[in-house]
Amino acid sequence: MTLRLGDTVPNFTQDSTAGPIDFYEWAGESWVVLFSHPADYTPVCTTELGEVSRLKPEFEKRNVKVIALSVDDVDSHNGWIGDINETQNTSVNYPILADADKKVSDLYDMIHPNANPKVTVRSVFIIDAERKLRTVITYPPSTGRNFSEILRVIDSLQLTDHYQVATPVNWQEGEDVVVAPTIPTEEARQKFPKGVTEIKPYLRMTPQPNK
């Protein structure tokens, strides 16, 4: 199954370090970041899982739940968590799916045969509260994921869902945003009372409207 942006992601039930999880029920009314790992006891992923546990309060502020996946079983996951907590000076505080049968990996197209037919690629799925797939980022095994960037993407998605704006290159929370090109400039000046700067007719900037 190939998932594309805007698709409703499929539900699944799978075992995890927090017990069996029905994905839709577990997600509730939250956004979700689902991120996959090739296998347990891999060095780059060890650092990533530690970082996500440290960043969990940042995800929670954005109404986002985090859940990891690896193709090993729960016993293996629990042993790995011990290593993560020890080496990353943290405490893993979110579930890790035990996808030994690759049910979820196949459902979410995490197996890329030309990369390695036996393990998942290192993907990140950002899923909104309506179960719509909003972003997919896939990394090679050698490159650790940037979870600050993932938070930045979530900030952009949640902002642009509520205002007729887009976020420009390298945008960070609190910086100016781009007025949607579908809005005429005079209408934009009424809609965005903090001011609209017209650089080109198609490129108008305004202060972030919810700040």
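This passage looks at lysine 61, the helix that holds it, and the two helices packed against that helix. The model is a predicted one.

Lysine 61 sits in helix H2, which covers residues 43–61. Its relative accessibility comes out at 64%, so lysine 61 counts as exposed, the cut-off for that label being over 50%. The side chain is not without a partner, though: lysine 61 and glutamate 58 are joined through their side chains by a polar contact of 3.3 Å. Looking further along the chain, alanine 180 is 119 residues away from lysine 61, and the C-alpha atoms of the two are 26 Å apart.

H2 packs against helix H5 (residues 147–162) at an angle of about 30°, with 10 Å between the axes. Angles under 35 degrees count as roughly parallel, which makes H2 roughly parallel to H5. The crossing of H2 and H5 is right-handed. On the H2 side, the contact uses Glu48, Val52, Leu55, Glu58 and Phe59, and these meet Phe147, Ile150, Leu151 and Ile154 of H5. By class, that contact of H2 with H5 comprises seven nonpolar and two charged residues, with no polar ones. Glu58, listed here among the H2 residues that meet H5, is also the polar-contact partner of lysine 61.

Helix H3 (residues 74–88) is another packing partner of H2, with an angle of about 75° and axes 9 Å apart. H2 and H3 are therefore roughly perpendicular to each other. Cys45, Thr46, Thr47, Leu49, Gly50 and Arg54 make the contact from H2, while H3 supplies Trp80, Ile84, Thr87 and Gln88. Here the H2–H3 contact divides into four nonpolar, five polar and one charged residues.

How values were computed: Residues numbered from 1 in each chain as written. Predicted model: local features only at pLDDT ≥ 70, side-chain atom pairs only at ≥ 80, totals over all residues. Heavy atoms only, no water. Helix = DSSP H or I, 4+ residues; strand = E, 2+ residues; numbered from the N terminus. Buried < 20%, exposed > 50% of the residue type's maximum accessible area, 1.4 Å probe, protein only. Polar contact = N/O pair within 3.5 Å; in protein donor to acceptor, adjacent residues only side chain to side chain. Axes fitted to C-alpha atoms, helices over the stretch in contact; angles between N-to-C directions. Parallel < 35°, antiparallel > 145°, perpendicular 65-115°, else oblique. Left-handed = near helix turned anticlockwise from the far one by under 90°. Contact = heavy atoms within 4.5 Å. Nonpolar A, V, L, I, M, F, W, Y, C, P; charged D, E, K, R; others polar.
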